[in-house]
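Let's take a stroll through this fold, from its strands to its helices and then on to its charged pairs. Keep the model open while you read.

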Amino acid sequence: MAERSSRIAVFIDGANLQSTARALGFDIDYKRLLGEFQSRGTLVRAAYYIAISESAENAPIWPLIDWLDYNGYTVVTKPTREFIDGSGRRKVRANMDIELAVDAMELARHVDEIVLFSGDGDFRSLVEAVQRRGVHVTVVSTIKSHPPMVADELRRQADVFTDLVDLRSRLVRNP
């Protein structure tokens, strides 16, 4: 665990965290999540990344996005892209990895610790790169779902792996 005076940045892969929490059977209280990391040091940034379908004007995600935006989170969105695959099926592409990685690299020189809420193995090289800059990296996901939601290579690369199950009592949204 980082020192109390450490400068912390939290990066949330929104779709990944939602899937992980759903697999574990609970909803995240984002106000409590913010408070949890504010209590651990100086929270420099809490950023939430999500791709949104343009056709989903009244999608259930909009109230969450608005709440996050007004309550201390930097919300980064982009529209999903639709395309037709080689066999003629309509596919939707939604990926915020590059945006999250660029922001984390830019902020790395201003923080002591990065907390990454994602299990996506594509972030292993990002974790390694910010570690080379002296930044301590905690990855939050789960190995307690079937199948596990965190890629083994990401879990191994992190300085600390925290299972979301272990944070449940501090982050669960009460009904």
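## Strands, helices and salt bridges

Strand β1 (residues 7-13) and strand β2 (residues 42-52) pair up in the parallel sense, with 7 bridges between them. One pair to click on is D13 and its bridge partner in β2, Y49. Bear in mind that this is a predicted model.

On to the next pairing: β2 is also joined to strand β3 (residues 74-79), through 6 bridges, and these two strands run parallel. Here you can look for A47, whose bridge partner in β3 is T74.

Now for the helices. Take helix α5 (residues 124-132), where the buried residues are L126, V127, A129, V130 and Q131. What do the buried residues of α5 pack against? They sit against two helices and two strands: α4 (97-107), α6 (152-157), β6 (113-117) and β7 (136-141). Just past the end of α5 comes G134, with a positive phi of about 90°.

The α4 side of that packing is worth a closer look. The axes of α4 and α5 come within 10 Å and cross at roughly 5°. An angle under 35 degrees counts as roughly parallel, so α4 is roughly parallel to α5. On the α4 side the contact is made by L100, A101, A104 and M105, and on the α5 side by L126, A129 and V130. By class, the contact of α4 with α5 has 7 nonpolar residues, no polar ones and no charged ones. L126, A129 and V130 also appear among the buried residues of α5.

Next up is helix α2 (residues 30-38), which packs with helix α7 (residues 164-171) at an angle of about 105°, the axes being 9 Å apart. Angles of 65 to 115 degrees count as roughly perpendicular, and α2 and α7 are therefore roughly perpendicular to each other. α2 brings R32, L33 and E36 to the contact, while α7 brings S169, R170 and L171. Sorted by class, the contact of α2 with α7 holds 2 nonpolar, 1 polar and 3 charged residues.

That leaves the charged pairs. Side chains of opposite charge can pair when their charged atoms come close. Across the whole structure, a search turns up 12 salt bridges. Here are some within helices:

| Salt bridge | N to O distance | Location |
|---|---|---|
| E128 and R132 | 4.0 Å | helix α5, 4 residues apart |
| D152 and R155 | 3.0 Å | helix α6, 3 residues apart |
| D152 and R156 | 2.5 Å | helix α6, 4 residues apart |

How exposed are these side chains? In α5, E128 is partly exposed, with a relative accessible area of 30%, whereas R132 is exposed at 62%. The spacing of E128 and R132 is about one turn of the helix.

In α6, D152 takes part in a salt bridge with R155 and in another with R156. D152 is partly exposed, with a relative accessible area of 32%, and R155 is partly exposed at 32% as well. R156 is exposed, with a relative accessible area of 66%. Elsewhere, salt bridges that share partners join E36, R40 and R170 into one network. Two members of that network should look familiar, since E36 of α2 and R170 of α7 are among the residues that make the contact of those helices.

Conventions:
Residues numbered from 1 in each chain as written. Predicted model: local features only at pLDDT ≥ 70, side-chain atom pairs only at ≥ 80, totals over all residues. Heavy atoms only, no water. Axes fitted to C-alpha atoms, helices over the stretch in contact; angles between N-to-C directions. Parallel < 35°, antiparallel > 145°, perpendicular 65-115°, else oblique. Contact = heavy atoms within 4.5 Å. Nonpolar A, V, L, I, M, F, W, Y, C, P; charged D, E, K, R; others polar. Buried < 20%, exposed > 50% of the residue type's maximum accessible area, 1.4 Å probe, protein only. Pairing = 2+ DSSP bridges. Salt bridge = Lys/Arg side-chain N within 4 Å of Asp/Glu carboxyl O.
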